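User: Please take a close look at the inside of this structure, starting from a single residue and working outwards to whatever surrounds it. I am a first-year student, so explain each term when it comes up.

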Amino acid sequence: QVQLVESGGGLVQAGGSLRLSCAASGLTFTGYAKGWFRQAPGKEREFVAGASWGGGSTAYADFVKGRFTISSDNPKNTVYLHMNSLKPEDTAVYYCAVTRYSSSRAVRERSDYAYWGQGTQVTVSS
């Protein structure tokens, strides 16, 4: 069974930084796309950042461009989200996810992701 385990969330002041990690296990294939989503209270889960298996293709939501960076360490089956210049509106539960299929480019569509982590809380105070 595929499992995604997230870590790195927590409380940070506005302007600060966090690095989220997502360790995957149970994957029997390579080439899948990976991504990060977030969900704030009363809002739908929204795309934050994504990358292709090799990392050559990345995509970011407009509200995080220039502040967040997605990266990965494939031998460790780990995906990272480096978050800088955090804002209070970044407060949300952050989820990592992978697609069920191989993709040569980043994937933005939520419905294309088959496996999800449990979510990790990120709270940005002002």
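Analyst:
**A residue and its surroundings**

Once neighbours within four places in sequence are left aside, Leu81 is in contact with Leu18, Arg19, Leu20, Trp36, Val48, Ala49, Phe68, Thr69, Ile70 and Tyr94, where contact means heavy atoms within 4.5 Å. The model is predicted, with local features needing a pLDDT of at least 70 and side-chain atom pairs a pLDDT of 80 or more, while totals for chains, interfaces and linings use all residues. Residues are numbered from 1 along each chain as its sequence is written, and side-chain values use heavy atoms, with hydrogens and water left out.

Leu81 also belongs to a wider group: together with Trp36, Val48, Phe68, Met83 and Tyr94, Leu81 has the most contacts inside the largest nonpolar core, which has 37 residues. Such a core is a set of buried Ala, Val, Leu, Ile, Met, Phe, Trp, Tyr and Cys residues joined through side-chain atoms within 4.5 Å, and buried means under 20% relative accessible area, with exposed over 50% and partly exposed in between (1.4 Å probe, protein chains only). At least two residues of this core come from each of strand 3, strand 4 (32-39), strand 5 (46-51), strand 6 (58-60), strand 7 (68-73), strand 8 (78-83), strand 9 (92-102) and strand 11 (120-125); a strand is a DSSP run (E, at least two residues), numbered from the N terminus. Strand 9 gives the most to this core, with five residues.

The pairing of the strands can be followed next. Strand 3 and strand 8 run antiparallel and are joined by six bridges, and two strands count as paired if DSSP finds at least two bridges between them. Within this arrangement Leu18 stands opposite Met83 in strand 8. Strand 3 (residues 18-25) is also joined, again antiparallel, to strand 1 by five bridges, and Ser21 in strand 3 is the bridge partner of Ser7. Strand 1 (residues 3-7) has two faces, a covered one with Leu4 and Glu6 and an uncovered one with Gln3, Val5 and Ser7.

In strand 4 lies Arg38, a charged residue that is nevertheless buried, with a relative accessible area of 6%. Not counting residues up to four places away in sequence, Arg38 touches Glu44, Arg45, Glu46, Val48, Phe63, Val64, Phe68, Glu89, Asp90, Ala92, Val93 and Tyr94.

There is also some empty space to consider. The structure holds one cavity of 30 Å³ or more, and the largest cavity has a volume of about 40 Å³. On a 1 Å grid over the protein atoms alone, a cavity is a set of points where a 1.4 Å probe fits but cannot get out, and lining residues have an atom within 4 Å of a point; the volume is the space filled by probe spheres set on the points, which are joined across faces, edges and corners. Ala24, Tyr32, Lys34, Ser72, Asn74, Asn77, Thr78, Val79 and Val98 line the largest cavity, and strand 4 and strand 8 are the elements that give two or more residues to this lining. The lining residues divide into four nonpolar, four polar and one charged.

One of these lining residues, Asn77, is found in the loop between strand 7 and strand 8 and has a positive phi of about 50° although it is not a glycine. Most residues other than glycine have a negative phi. Asn77 is partly exposed, with a relative accessible area of 29%. Ser85, in the loop between strand 8 and strand 9, also has a positive phi of about 50° without being a glycine, and Ser85 is partly exposed at 40% relative accessible area.

Note on methods. Helix = DSSP H or I, 4+ residues; strand = E, 2+ residues; numbered from the N terminus. 1 Å grid on protein atoms, 1.4 Å probe; cavity = no way out; pocket = protein on both sides within 12 Å on 5 of 7 lines; lining within 4 Å.
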